[in-house]
Amino acid sequence: MEASQAIPVFLALVPDDSTAERIWQYKHRVRELVGDQLYLDHPPHLTCFLACFREVSMVIEATRRVVNNISTPTIALNGWHTFFADPLTGLHTLVLNFGASDRDRLRQIQTQCVETLGPCRDGAA
């Protein structure tokens, strides 16, 4: 199978309904203040892993292992920060921030995603 046949997979955490609504309100306000921006119309989420894979069944099984080993995190929004030089776009993105202990917990979840799904990915793609 060629690298072009690899399937991109995006794994993310999504907020509860009330938090998602609050984020949509923030996004609406940003649009009012500065106009349309990259990602502004994307649903609220927290990216855990993005890669290309050749075998979807491997991704499903690896994702099940991750999900079975984590509990739903409770996090608090804590202001804003800028994600400088996004590797996918090279641009800067304004993102919501979390407290230090929340960031530590989210890093643990992301590390589990990377360690579990990383070996399955198509590195060339």
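**View 1. Asp36 is an exposed partner in a salt bridge with Arg31.** Asp36 has a relative accessible area of 58%, so it counts as exposed (exposed is over 50%, buried is under 20%, and partly exposed is in between, using a 1.4 Å probe and protein chains only). Its partner Arg31 is partly exposed at 33% relative accessibility. The N to O distance between the two side chains is 3.1 Å; a salt bridge here is a side-chain nitrogen of Lys or Arg within 4 Å of a carboxyl oxygen of Asp or Glu. The structure holds four salt bridges. A word on the source: this is a predicted model, where local features need pLDDT of at least 70 and side-chain atom pairs count only at pLDDT 80 or more, while totals for chains, interfaces and linings use all residues. Residues are numbered from 1 along each chain as its sequence is written, and side-chain values use heavy atoms, with hydrogens and water left out.

**View 2. Arg29 and Glu32 pair up within helix H1.** Their side chains form a salt bridge at 3.4 Å, N to O. The two sit about one helical turn apart, because they are three residues apart in H1 (residues 17-34) (helices are DSSP runs of H or I with at least four residues, strands are runs of E with at least two, and both are numbered from the N terminus). Arg29 is partly exposed, at 46% relative accessibility.

**View 3. Asp104 and Arg107 form a salt bridge in helix H3.** The N to O distance is 3.2 Å. Again the spacing is three residues, so about one helical turn separates them. Asp104 comes out partly exposed at 42%, and Arg107 is partly exposed at 46%.

**View 4. Asp86 is buried with no salt bridge.** Asp86 sits in the loop between strands S3 (77-83) and S4 (93-98). The nearest side chain of opposite charge is Lys27, 12 Å away (Lys and Arg count as positive, Asp and Glu as negative; His and the chain ends are not counted). What the Asp86 side chain does have is a polar contact with the side chain of Tyr39, at 2.9 Å (a pair of N or O atoms within 3.5 Å; within protein, one must be able to donate a hydrogen and the other to accept it, and residues adjacent in sequence count only if both atoms are side-chain atoms). Leaving out neighbours within four places in sequence, Asp86 is in contact (heavy atoms within 4.5 Å) with Tyr39, Leu91 and Thr93. Thr93, in strand S4, is buried at 13% relative accessibility.
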